[in-house]
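Could you walk me through this chain, from its domains down to the ligand shell? Here is the bench-side tour.

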Amino acid sequence: MPDYSALKHKFGPHCLFGEPAANFTTYRAGGAAEVLLKPGTPEELAWACAWCRANAAPWRVLGRGSNVLVSDRGLPGVTILTGRLAAVEVKGSALEAQAGASWDEVARLSAGAGLAGLEKTSGIPGSVGGAVRMNAGAFGQETFDRLASVLALDGEGREITLLKKDIGHGYRRAAGLDGLTVLLARFEFQPGDPAVLLQDRSCVLASREAKQPLDYPSAGSVFKRPQGDYASRLIDAAGLKGLRVGGAEVSPKHAGFIVNAGGATAADIYALICRVRGVVKEKTGVELQLEQILLGDF
Ligand SMILES: Cc1cc2nc3c(=O)[nH]c(=O)nc-3n(C[C@H](O)[C@H](O)[C@H](O)COP(=O)(O)OP(=O)(O)OC[C@H]3O[C@@H](n4cnc5c(N)ncnc54)[C@H](O)[C@@H]3O)c2cc1C
């Protein structure tokens, strides 16, 4: 078992032991991270990854934890949060952002600078690293539309630059980034009218507010969109809105969301996911695929 005291020594208050997933995921549920690290520079992040490799400690990188469900049994080893690597810079018709920067900040800044193409992704509550990793998107736009390149750490800890054309990606996935840690992403844009782009952003934010259960903890859409349909439509048609397991509930406002309606465990949420999947399969024949990522033992 690795001696994690070296991490405490290096990261001080930015190294926590036994931190509950409620404090670093948007579901506000799940067990504890054995060690939670919050590096403040890319060098510290690289150092942490190298330490984990050298000490055979299990590890993973998270941004805002807005697309994950952490098991009640917790996360063994080291969980690295990128939130302190949050620099964003507009450079002419491009924008560069560190992995931990807020995605919504990227959408807001680019729109305000007259850089078109990501304004409709406003309100996605993740980080830049998470958005690139998931190819997050909404209202017909997605991260890879404007992605130019990614600076990442490979499995050996070397810094590599990947161009978009070399990163395999598709709907809500970027398999070309498997095993890589995103440090920085560069986006390139078409020119647009800032007033129009900011108006589009406002419309999208208003639509999210109107349609999504933003007053409850969740991790957004639970399932991917099945071919030619919407998961939320199928779940609603199956009569599952408001279905509960413990503190987990299929949102009565948006059937595609499972919310933590109060005191939900990860087991409640997972059991509800399985129930929804089972009923939708039985009633419609459609096998829903998870968009959210299960972390730990389920
Ligand atoms: C209310 C709500 C609304 C949402 N709406 C949308 C939406 O409209 N469209 C959409 O696509 N998603 C949506 N989501 C889901 C989520 O916000 C996105 O998937 C987001 O991109 C995840 O970013 P994150 O930083 O939270 O990633 P996390 O949940 O922290 O991590 C997700 C995955 O990315 C990996 N990862 C994170 N950072 C890095 C990094 N630096 N390098 C390598 N891998 C990394 C993690 O290991 C994990 O596998 C919504 C979520 C909520 C709660």
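What follows covers the domains, two sheets, a helix pair and the surroundings of the ligand.

A quick word on the ground rules. This is a predicted model, so local features need pLDDT of at least 70 and side-chain atom pairs count only at pLDDT 80 or more, while totals for chains, interfaces and linings use all residues. Residue numbers start from 1 along each chain as its sequence is written.

**Domains**

The domain assignment splits the chain into domain 1 (5-81), domain 2 (88-197) and domain 3 (213-295); bounds like these come from an automatic or database domain assignment. Between domain 1 and domain 2, the C-alpha centres are 23 Å apart. Across that boundary, 12 residues of domain 1 are in contact with 12 residues of domain 2 (contact means C-beta atoms, placed from the backbone, within 7 Å). On the domain 1 side, helix α2 (residues 42-54) gives the most, with 6 residues. Helices here are DSSP runs of H or I with at least four residues, strands are runs of E with at least two, and both are numbered from the N terminus.

**Two open sheets**

Let's put the sheets side by side. Strands count as paired if DSSP finds at least two bridges between them.

| Strand order | Strands | Pairing |
|---|---|---|
| β1-β2-β5-β3 | 4 strands | mixed |
| β15-β18-β17-β16 | 4 strands | antiparallel |

In the mixed sheet, β1 (15-20) and β3 are the edge strands with a single partner each, so one side of each has no neighbour in the sheet. The twist there averages 35° from one strand to the next. Axes are lines fitted to C-alpha atoms (for helices, over the stretch in contact), and angles run from 0 to 180 degrees between N-to-C directions. Strand β2 (residues 32-37) runs parallel to β5 (residues 75-81), and 4 bridges pair them. Valine 35 sits opposite valine 78 in β5. Helix α2 packs on this sheet, touching β2, β3 and β5, and its direction makes about 165° with that of β5.

In the antiparallel sheet, the edges belong to β15 (218-221) and β16 (244-245); each has a single partner strand, so one side is left without a neighbour in the sheet. Strands β17 (residues 248-250) and β18 (residues 257-260) are joined by 3 bridges, and valine 250 has isoleucine 258 in β18 as its bridge partner. Helix α8 (residues 266-284) lies across β16, β17 and β18, at about 30° to β17.

**A helix pair**

How do the axes of α3 and α6 cross? Helix α3 (residues 103-112) and helix α6 (residues 194-211) have axes that come within 7 Å and cross at roughly 150°. The two helices are therefore roughly antiparallel (angles over 145 degrees count as such). Ala107, Arg108, Ala111 and Gly112 in α3 meet Pro194, Leu197, Leu198 and Arg201 in α6.

**Around the ligand**

The ligand has 33 residues around it, and Gly63, Gly126, Gly129, Gly130 and Gly220 come nearest; a residue counts as near if its C-beta atom, placed from the backbone, lies within 6 Å. Helix α4 provides the largest share of this shell, 5 residues. At least two residues each come from β3 (59-62), α4 (128-134), β9 (137-138), β13 (181-188) and β15. By type, the shell holds 14 nonpolar, 15 polar and 4 charged residues. Ala, Val, Leu, Ile, Met, Phe, Trp, Tyr, Cys and Pro count as nonpolar, Asp, Glu, Lys and Arg as charged, and the others, Gly among them, as polar.

Definitions and conventions
Two residues are in contact if their C-beta atoms, placed from the backbone, lie within 7 Å. Angles under 35 degrees count as roughly parallel, over 145 as roughly antiparallel, 65 to 115 as roughly perpendicular and the rest as oblique.
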